[in-house]
Amino acid sequence: MTPPKLTREQVIAYRVAAHGLHRDATSVGDLGVLDIGVQEAMGHPAALAFAARLPATAKLGPEDVAIGPGRRLALAWTLRGAPHVHRRRDLDLVARALWPLSEADAAGRLNETGPSVKRAGISALDQFGLAVDAMREVVTSPTAKGAASTEVTRRLPKVMWRDCRPCKTSHVSDSAMRSAAPIAGLEMEPGTAPPVLVPRKSAERPTGPDPKSVLEFARGYLTYLGPARVHEVAGYLEARRADVEEIWTDDGLVEVSVDGQSRWLPEECLAAARKAPAPEIVRLLGPFDPYLQARDRDVIVPDKAVHKTLWPVLGRPGVVFVDGEVAGTWRTKASGAKLTITVEAFGPLPDSVWTQIDDEAQRVAEVRGATEVKVTRKT
């Protein structure tokens, strides 16, 4: 049977609607993108993502979005080792989905090469399990990362220690701590630097690969960032592509063609993808907004010449999002309670769009705790 066809424009319209960028949710807890995690970092990008999806009546200052131990939302090192906000009830699923699927997968998550694993004399999967157990044993109460690293290192074989120039000593690698933490049942206390790790009450302890959980999480990716290819799902999970392909099943999925390329989408989402309304919105998306985390960047922005501008290794800008297209970038500079947002448009924008950008800037200011905001145009 010939796969149903979707255009790029339909895919964009579908994702905008699925992400809630039409602002049809009323609270943070109603946001579907929490199914796949919302990345957090300096500057409150998670709150920026919430602001882009919630109406102006929703308060989004740092004190308004309750994240942390004892709250419905939790912050943890999860996807790609980065801090992400998840619903607390989803953390066990996320942990199961992040257990390596193979020896090579474990080596990748530990940031190890084949020769280094061979020299250690301990398989990467065994090293991964040892790191998980050590993290779980050490962090039984709120513990700063440095203190946890010291105690975890003492419990690991010396072949797992790594030289650290800043510390002028050897200890467990940052990669091992970050990849082991969610599986060890640990979350983070928001706003702490260095981060404070906290044990989750009654957290499950996965004991091995769980293909079913990987596929369940993959379904979430396809729901919000689909239609997508298998290797894009693997990239989001930072899992080994060959391993995800090996366990892949099309149960409950439909194969579609997007501009001649085969991709996957949950069956129940196909109708929504076909009839999603053309987006007529203006948003200031944060640097790590879930919409921008799709692995198929050429769909988000066909012009590859601007990819390095949007996704540099360090210092990502925010994105000016107009009617489903990336129309420019924005950056902030704070001075006391005043916030300046500098917008660099990729081309001329109508006055009506600039008016909406001014409105969106007010939301950014609220997230950043500023009482005054100014938008400047960079030419």
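What classes of residue make up the lining of the second largest pocket? In this predicted model, the count comes to 11 nonpolar, four polar and three charged residues. The pocket itself has a volume of about 320 Å³. Its lining is built from 18 residues, and the closest to the pocket centre are Met42, Pro287, Phe288, Gly315 and Arg316. A quick word on how such spaces turn up: rolling a probe the size of a water molecule over the atoms shows where empty space is left.

Which elements supply at least two residues each to this lining? Two do so: α2, running from 45 to 53, and β14, running from 325 to 335. The largest share belongs to β14, with three residues.

Helix α2 also takes part in a helix pair. Two packed helices are described by the angle between their axes and the distance between the axes. For α2 and helix α15, which covers residues 351-368, the axes come within 10 Å and cross at roughly 145°. The crossing is right-handed. On the α2 side, the residues that take part are Ala47, Leu48 and Ala51, and they meet Arg363, Val364, Val367 and Arg368 of α15. Sorted by class, this contact holds five nonpolar and two charged residues, with no polar ones.

Next come the backbone oddities. Most residues other than glycine have a negative phi, and most peptide bonds are trans. Just ahead of α2, in the loop that follows β2 (38-39), sits His44. Its phi is positive, at about 55°, although His44 is not a glycine. Is His44 buried, partly exposed or exposed? His44 counts as partly exposed because its relative accessibility is 35%, which falls between the 20% and 50% cut-offs.

Asn111 shows a positive phi too, near 60°, and again this is a residue other than glycine. Asn111 is placed in the loop between α4 (103-109) and α5 (114-120). With a relative accessibility of 60%, Asn111 lands in the exposed group, since that group starts over 50%. A glycine joins the list as well: Gly20, just after α1, takes a positive phi of about 80°.

Where do cis peptide bonds come in? One joins Ala193 and Pro194, with omega at about 0°. Pro194 is in the loop that links β8 (186-189) to β9 (196-199). Another cis bond runs from Gly226 to Pro227, with omega near -5°. Pro227 also has a loop address, between α9 (211-225) and α10 (230-237).

Back at the start of the chain, helix α1 spans residues 8-18. Which residues of α1 are buried? They are Arg8, Val11, Ile12, Ala13, Tyr14, Arg15 and Val16.

Much further along the sequence, Arg274 sits in helix α12, made of residues 270-275. What does Arg274 touch, leaving aside its neighbours within four places in sequence? Its contacts are Pro4, Leu6 and Gln10. Arg274 and Met1 are 273 residues apart along the chain, and 18 Å separates their C-alpha atoms. As for accessibility, Arg274 has a relative accessible area of 49%, so it is partly exposed; the exposed class takes values over 50%.

Key:
Residues numbered from 1 in each chain as written. Predicted model: local features only at pLDDT ≥ 70, side-chain atom pairs only at ≥ 80, totals over all residues. Heavy atoms only, no water. 1 Å grid on protein atoms, 1.4 Å probe; cavity = no way out; pocket = protein on both sides within 12 Å on 5 of 7 lines; lining within 4 Å. Points joined across faces, edges and corners; volume = space filled by probe spheres on them. Helix = DSSP H or I, 4+ residues; strand = E, 2+ residues; numbered from the N terminus. Nonpolar A, V, L, I, M, F, W, Y, C, P; charged D, E, K, R; others polar. Axes fitted to C-alpha atoms, helices over the stretch in contact; angles between N-to-C directions. Left-handed = near helix turned anticlockwise from the far one by under 90°. Contact = heavy atoms within 4.5 Å. Buried < 20%, exposed > 50% of the residue type's maximum accessible area, 1.4 Å probe, protein only.
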